[in-house]
Amino acid sequence: MGIAHSSKAGLVLILMLAVVGGCNGDSGPQPIDETVDACASCNMSVSDGPFAAELVQKDGEVLKFDDIGCLAGYLRKNDTDGAAYVRDFHSKEWLRADEAFFAESDLHTPMDSGIIAFREANRLQEFIRKENGAKETTWGEILRHARDEEAKH
């Protein structure tokens with residue numbers, strides 16, 4: 001077995017990993033185009049701001065939302081698999097919703113959910129100290145609250 005054979009085997013392994021990695025459907029969040037993107041829940045325009053959210057479905061389709069509350073409401077109404085993304089309030093970087101820190105607040109968001117996401121717990125605590133009435137919550141609590149609201153209607 002020579003170096004050329006080992007190199008070919010390594011190349012084949014890299015190609016197989018790339019194919020498997022590319023087939024999981026999660027291409028990650030996509031850029032917001034304010035001229036065409038509409039919320040998959042309320043059909044309002046999606047702003048390229050800190051309140052946008054996305055759902056990357058297993059088939060690769062990306063659904064966009066103008067408010068984290070709209071994403072939670074969509075997940076409550078639709079049985080779908082995929083990865084939910086939200087934006088850090090300060091940097092607007094995309095975060096997986098299940099890894100973010102959240103606050104419920106009186107801050108005006110596009111659909112008035114008041115839900116804000118943070119990458120870091122210390123930034124969340126700083127926000128809560130400054131915003132009167134803001135409180136910490138979790139992605140699981142947000143989804144449970146969305147289900148409870150649906151049950152009321």
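This report walks through the fold, a few strand and loop residues, and the empty spaces of one protein chain.

**Overall picture**

The model is a predicted one. The chain holds 4 helices and 7 strands, and reading from the N terminus the order is α-β-β-α-β-β-β-β-α-β-α. There are 153 residues, and 35% of them count as buried. If you take the contacts with a separation of 6 or more, 56% of them join residues 24 or more positions apart. The chain shows about 9,200 Å² of accessible surface, with carbon and sulfur atoms owning 52% of that.

**Strand β3 and the loop after it**

Let's start with strand β3, which spans residues 82-87. Two of its residues are worth a look: Y85 sits in this strand, and so does R87. Y85 has a relative accessible area of 9%, and because the cut-off for buried is under 20%, Y85 counts as buried. In sequence Y85 and R96 are 11 residues apart, yet their C-alpha atoms are 4.5 Å apart in space. R96 itself belongs to β4, which covers 94-96.

R87 is a charged residue by class, so is its place buried or exposed? It is buried, with a relative accessibility of 6%. The side chain of R87 has backbone oxygens to work with: a polar atom of that side chain lies 3.1 Å from the backbone oxygen of G49, and the side chain also reaches the backbone oxygen of K92 at 3.1 Å. Beyond its neighbours within four places in sequence, R87 touches a list of residues that includes I32, D48, P50, A52, W94 and A117. G49 and K92, the two backbone partners, are in that contact list too.

K92 deserves its own stop. It is found in the loop between β3 and β4, and its relative accessible area of 33% makes it partly exposed. K92 is not a glycine, but its phi is positive, at about 65°.

D112 is another residue to check on a Ramachandran plot: it is not a glycine either, and its phi is near 60°, a positive value. D112 lies in the loop between β5 (101-104) and β6 (115-118). At 54% relative accessibility, D112 counts as exposed, because it is over the 50% cut-off.

Here are the residues discussed with a relative accessible area, Q57 included.

| Residue | Place | Relative accessible area | Class |
|---|---|---|---|
| R87 | strand β3 | 6% | buried |
| Y85 | strand β3 | 9% | buried |
| Q57 | strand β1 | 11% | buried |
| K92 | loop between β3 and β4 | 33% | partly exposed |
| D112 | loop between β5 and β6 | 54% | exposed |

**Q57 and helix α2**

Over in strand β1 (residues 53-57) you'll find Q57. Q57 is buried, and its side chain makes a polar contact with the side chain of T80, at 2.9 Å.

Helix α2 runs over 68-77. What caps its N-terminal end? That would be D67, with a side-chain oxygen 2.7 Å from the backbone nitrogen of G69. Within α2, the residues I68, C70, L71, A72, G73 and Y74 are buried.

**Pocket and cavity**

Now for the empty space. Rolling a probe the size of a water molecule over the atoms shows where such space is left.

The largest pocket encloses about 380 Å³. Its lining is made of 15 residues, and G69, S113, I115, H145 and E149 lie nearest its centre. Two elements, α2 and α4 (139-152), give two or more residues to that lining. Which element gives the most? It is α2, with 5 residues. Sorted by class, the lining of the pocket has 6 nonpolar, 5 polar and 4 charged residues. G69, whose backbone nitrogen meets the cap from D67, is one of the residues nearest the pocket centre.

There is also 1 cavity of 30 Å³ or more, and the largest cavity has a volume of about 30 Å³. S47, G49, F51, A52, D66 and P110 line it, which divides into 3 nonpolar, 2 polar and 1 charged residue. G49 and A52 link this spot back to R87: both line the cavity, and both are in contact with R87.

Note on methods. Residues numbered from 1 in each chain as written. Predicted model: local features only at pLDDT ≥ 70, side-chain atom pairs only at ≥ 80, totals over all residues. Heavy atoms only, no water. Buried < 20%, exposed > 50% of the residue type's maximum accessible area, 1.4 Å probe, protein only. Contact = heavy atoms within 4.5 Å. Areas by Shrake-Rupley, 256 points an atom, 1.4 Å probe, with all protein chains shown as cover. 1 Å grid on protein atoms, 1.4 Å probe; cavity = no way out; pocket = protein on both sides within 12 Å on 5 of 7 lines; lining within 4 Å. Points joined across faces, edges and corners; volume = space filled by probe spheres on them. Nonpolar A, V, L, I, M, F, W, Y, C, P; charged D, E, K, R; others polar. Polar contact = N/O pair within 3.5 Å; in protein donor to acceptor, adjacent residues only side chain to side chain.
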